[in-house]
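Please open the model in your viewer and keep the sequence panel beside it, with the cartoon and side chains ready to be switched on in turn.

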Amino acid sequence: MITIIRTKNYDEMSRRAANIMAAQITLKNDSVLGLATGSTPVGMYQELIRRCEAGDLDFSRVRSVNLDEYVGLERTHDQSYYYFMNNNLFKHVNIDPAQTFLPDGTCKDTEAECRRYHDVILGMGGVDIQLLGIGGNGHIGFNEPAEAFAARTHCVQLAESTIKANARFFASESDVPRFALSMGIGEIMAAKKILILASGKAKAEAVKGMVAGPVSPQMPASILQFHPDVTLVADEEALSLL
Ligand code: GLP
């Protein structure tokens, strides 16, 4: 079931999403957070940092597991998701870095790394809340439109539209990695709660497909219709086609 929280704009989306994350951490201080990258959650992370600095939020017992990582980017690369998480959240809050997990995009053997990461997720004993953004093509994590839903962490060839969308973060389009490691739909759907954020007109088609379209691996986010506890926090532009 998808509950929709409609906001005026990006800033309100970020604050309302931070309320949900903060409530989770407050009510269960050893929560396992499934975390996401991309431009969408940055404002929410800033709000969580502000609350942590103010003494209103404590990450000391929180553990986290991230959705995805590019293949082939060193952790020091400013577009690696490892770098993103450190800079946008981890180094600004009192989370234990040893309790934060991402797939290793620098691994030699991607299949072995995917198996290892699946075990990391299982070892967490269940994700309490999974944060998601949504791609313009309806991808979640890096689960691109496909013939079938992937159950587990896997190596994905990025869609042309994703490469183009993410080129803005790189010096040129040719610098965007072509492959990524991503949690599978099965692992995402196993989270107890899901919080998905969307902002802007570019997401309106995908949001419509997610909420109102047929459930199909061609629109990966549509699978969320089958999850019992999804909250979509989205601004008016992202909801404009519903
Ligand atoms: C990226 C990420 C997703 C993210 C999506 C949208 O490529 N792998 O986790 O949700 O695309 O990104 P943005 O929030 O920048 O629009």
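The stops below go from the sheets to the helices and end at a single loop residue.

Before selecting anything, note that this is a predicted model, in which local features need pLDDT of at least 70 and side-chain atom pairs count only at pLDDT 80 or more, while totals for chains, interfaces and linings use all residues. Residues are numbered from 1 along each chain as its sequence is written, and side-chain values use heavy atoms, with hydrogens and water left out.

**The seven-stranded sheet**

Select strands 1, 10, 9, 6, 2, 3 and 5, which in that order make up an open sheet of seven strands with parallel pairing; here helices (H or I, at least four residues) and strands (E, at least two) are DSSP runs numbered from the N terminus, and two strands pair if DSSP finds at least two bridges between them. Strand 1 (2–7) and strand 5 (100–101) are at the edges with a single partner strand each, so one side of each has no neighbour in the sheet.

Within this sheet, colour strand 9 (residues 193–198) and strand 10 (residues 230–235), which run parallel and are joined by five bridges; A198 lies opposite A234 of strand 10. Then move to strand 2 and strand 3, a parallel pair held by four bridges, where G34 has V65 in strand 3 as its bridge partner. Show the side chains of strand 2 (32–35) and look at both faces, since V32 and G34 on one side and L33 and L35 on the other are all buried, buried meaning under 20% relative accessible area with a 1.4 Å probe and protein chains only.

**The three-stranded sheet**

Next select strands 4, 8 and 7, which in that order form an open sheet of three strands with antiparallel pairing. Strand 4 (68–70) and strand 7 (154–157) are the edge strands, each pairing on one side only. Strand 7 is joined by four bridges to strand 8 (residues 179–182), and the two run antiparallel, with Q157 opposite F179 of strand 8.

**Helices 1, 2 and 3**

Display helix 1 (residues 10–27) together with helix 2, which pack at an angle of about 55 degrees with their axes 8 Å apart; axes are lines fitted to C-alpha atoms, for helices over the stretch in contact, and angles run from 0 to 180 degrees between N-to-C directions. Helix 1 and helix 2 are therefore oblique to each other, the class left over once angles under 35 degrees count as roughly parallel, over 145 as roughly antiparallel and 65 to 115 as roughly perpendicular. Among the residues that meet here are Y10, S14 and R15 of helix 1, and V42, G43 and M44 of helix 2.

Now add helix 3, whose axis comes within 10 Å of that of helix 2 and crosses it at roughly 40 degrees. The contact (heavy atoms within 4.5 Å) is made by V42, Y45 and I49 of helix 2 and F84, M85 and N88 of helix 3.

Which residues of helix 3 (residues 81–88) are buried? They are Y81, F84 and M85. What covers them includes strand 2, helix 2 (42–53), strand 3 (63–66), strand 4 and helix 5 (160–166).

**A last stop at L158**

Finally, centre on L158, in the loop between strand 7 and helix 5. L158 is buried, with a relative accessible area of 6%. Leaving aside neighbours within four places in sequence, L158 is in contact with residues including Y70, F142, I163 and F179. For a distance to check, the C-alpha atoms of L158 and L181 are separated by 10.0 Å, although the two residues are 23 residues apart along the chain.

Note on methods:
Buried < 20%, exposed > 50% of the residue type's maximum accessible area, 1.4 Å probe, protein only.
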